[in-house]
2 protein chains.
Amino acid sequence: MSVRMLWLFFVLAVSSLSIHAQAADPLASWNDTAAKKNIITFVEKVASPNSSDFLPANERIAVFDNDGTLWSEQPMYFQLYFALDRIKELAPRHPEWKTQEPFASLLKGDVKAVLAGGKKTLLEIIMASHAGMTTTEFENIVKDWIETARHPKTERLYTEMVFQPMLELLAYLRDNDFKTFIVSGGGIEFMRPWTEKVYGIPPEQVVGSSIVTTFALRNDEPVLVRQAKVNFIDDKEGKPVGINIHIGRQPIAAFGNSDGDLQMIQWTTAGKGIRFGLLVHHTDAEREWAYDRESHIGQLNKALDEAETKGWTVVDMKQDWKVIYPSVK
Amino acid sequence: MSVRMLWLFFVLAVSSLSIHAQAADPLASWNDTAAKKNIITFVEKVASPNSSDFLPANERIAVFDNDGTLWSEQPMYFQLYFALDRIKELAPRHPEWKTQEPFASLLKGDVKAVLAGGKKTLLEIIMASHAGMTTTEFENIVKDWIETARHPKTERLYTEMVFQPMLELLAYLRDNDFKTFIVSGGGIEFMRPWTEKVYGIPPEQVVGSSIVTTFALRNDEPVLVRQAKVNFIDDKEGKPVGINIHIGRQPIAAFGNSDGDLQMIQWTTAGKGIRFGLLVHHTDAEREWAYDRESHIGQLNKALDEAETKGWTVVDMKQDWKVIYPSVK
């Protein structure tokens, strides 16, 4: 066989591989509606070298909210279930909590009363449950919890309540050389122990809210200790700030589901050149939850209006997604 | 030609390519001393699948200080030259600076008097020169400066005062699937506009000190405005904190040159499994500068002692490096 024939053989082999790869639908759980078409059109414009919107791989930055965008967030943020479980576990060491609010109500099981206390109460619970240990200790606590705790309604592991269509979207973007980031109001160290395994997003690509940590030497061993003090809130106006400090350039695509994501999508889509903004609209009361303008968790009101005027894509969960969650063995 | 022969042909072709690649020395500017050998031994242990110290690519995180480690820092941090140039440029808009210190001394050219003012004075200069504009405006100011300003002694562009042996080390690590990060006391937004081009390190892999930014809509256009308020100081005890917040896992290799890097190297080398710590010791008064225990900039004292007890590698610039800076056309 000549070198030329050998080359031909090689080219044919590679071509047939790539034809095979393209034949499988990378967004198989998405119905063939406008949302899916918009996503594919955007990605092909960015990734095709002959396109006038082509961007080099290093500029293909996509940011995703987590709660309500990559996994469910009802009837309350999953991190709050974690905080409540922690409070119960710590209660024997805190006899004063029997009479001290919000812990007293919480330990009696009256979660509603606690949630009615608003932001200040939530912060008290987060600090009591998330601080006072080293970062390594906290990582292990989160890992243990996420592997065993189950959602009260679905009885699934929380990591089994991620959205299958969004997992496919993350993989599709990465296959087209996008770098995918999480930009969430949730705790950065609550997410990092499991995002790489569940979403394929490594710790260094997770942006979130945080508490202060301080460096110390304990018996000559360096540790970082988690303090009961807010460092950064990665929500609303905080999201573009978090993106700037962690990523350092404007993303070209942003995916969210609530008014907490409004400024992130504004910031992303305001950049020069091709941009993409998408909102997941929770419209499926049967398979997941249906909520928007009036919801206390994941309120979607201003951003829904702005999506229309700015031409952002809105996913109608009920119409656009064939399945919600991955099938569980 | 049979399929088996074709395979053999392919294997031979690939092998000869890899032999060829190995023949070129990836650390050509390093003399064959202990420092170079230590680096290569470490990388081969981490990257060889048969090694007992093998680590998957996602755990191969390497962190580099910038000032004094990747580029020079004498007779003062290069970012200070930038700040001084900015002050001169802004002076016509600030007639009050003619009598107000530290600006008055500075505009008269008395940099020494200004530096003697210590940390508080420096902070005043940084705030006056680095705040009050949008992040995009600041990025353009830095880009213009870094492309034109020249070092008073060498008359090189500042980006031509990076260390050639360290550029080779960065590339060598990345060729072995390491992810390379900067973790510097310098301003995060002062570095990001040029680190990708100069070091091959993208903005999202740059950790540094920062001032507060706030989100605003100006004529419906979202901007981030730089405020005259410190957000985070990424130095000494701050470096492990910065690593934790930005990277979210312990690096396996850390490269520094001063006591400002001590905690970063402690934190990195204290992790389980194979670790690597390295200090660049500035010993070359002829080709660069010689300074260590008594220096006001880049003091290397405690870390030099600890390198000995902990077995970190110390680069003797004069002995270990064939060249300091890249050749300039």
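**Chain contact, sheet and helix packing in a predicted two-chain model**

In this predicted model, the contact between the chains takes 28 residues from chain A and 28 residues from chain B. On the side of chain A that touches chain B, the elements giving two or more residues are β3, β4, α10 (238–246) and α11 (262–269) of chain A. Helix α10(A) supplies the largest share of this side, five residues. By class, the residues on the side of chain A that touches chain B comprise 14 nonpolar, nine polar and five charged.

Two copies of a chain are related by a rotation about an axis and a shift along it. Here, a turn of 180 degrees with a shift of 0.0 Å along the axis lays chain A on chain B with an RMSD of 0.0 Å. This is the relation of a two-fold axis. Of the interface residues of chain A, 100% are also interface residues in chain B, so the copies meet through the same surface.

Within chain A, seven strands form an open sheet of mixed pairing, in the order β4-β3-β2-β1-β5-β6-β7. The edges are occupied by β4 and β7 (313–316) of chain A; each has a single partner strand, so one side of each is left without a neighbour in the sheet. From one strand to the next, the twist averages 30 degrees.

At one end of this strand order, β3 (residues 206–218) and β4 (residues 221–232) of chain A pair in the antiparallel sense over eight bridges. Phe215(A) stands opposite Leu224(A) in β4(A). The two strands, β3(A) and β4(A), form a hairpin with two residues between them, and Asn219(A) in the turn has a positive phi of about 50 degrees. Both β3 and β4 of chain A are also among the elements that give two or more residues to the side touching chain B. At the other end of the order, β6 (residues 276–281) of chain A and β7(A) pair in the parallel sense over four bridges. In this pair, Val280(A) stands opposite Val315(A) in β7(A).

In chain B, the axes of helix α11 (residues 262–269) and helix α12 (residues 302–310) come within 10 Å and cross at roughly 20 degrees. This crossing angle makes α11(B) roughly parallel to α12(B). The contact is made by Leu262(B), Ile265(B) and Thr269(B) of α11(B), together with Lys302(B), Ala303(B), Glu306(B) and Lys310(B) of α12(B). By class, the contact of α11(B) with α12(B) has three nonpolar, one polar and three charged residues.

Definitions and conventions
Residues numbered from 1 in each chain as written. Chains lettered and ligands numbered in written order. Predicted model: local features only at pLDDT ≥ 70, side-chain atom pairs only at ≥ 80, totals over all residues. Least-squares fit on C-alpha atoms with pLDDT ≥ 70 in both. Contact = placed C-beta atoms within 7 Å. Axes fitted to C-alpha atoms, helices over the stretch in contact; angles between N-to-C directions. Parallel < 35°, antiparallel > 145°, perpendicular 65-115°, else oblique. Nonpolar A, V, L, I, M, F, W, Y, C, P; charged D, E, K, R; others polar. Pairing = 2+ DSSP bridges.
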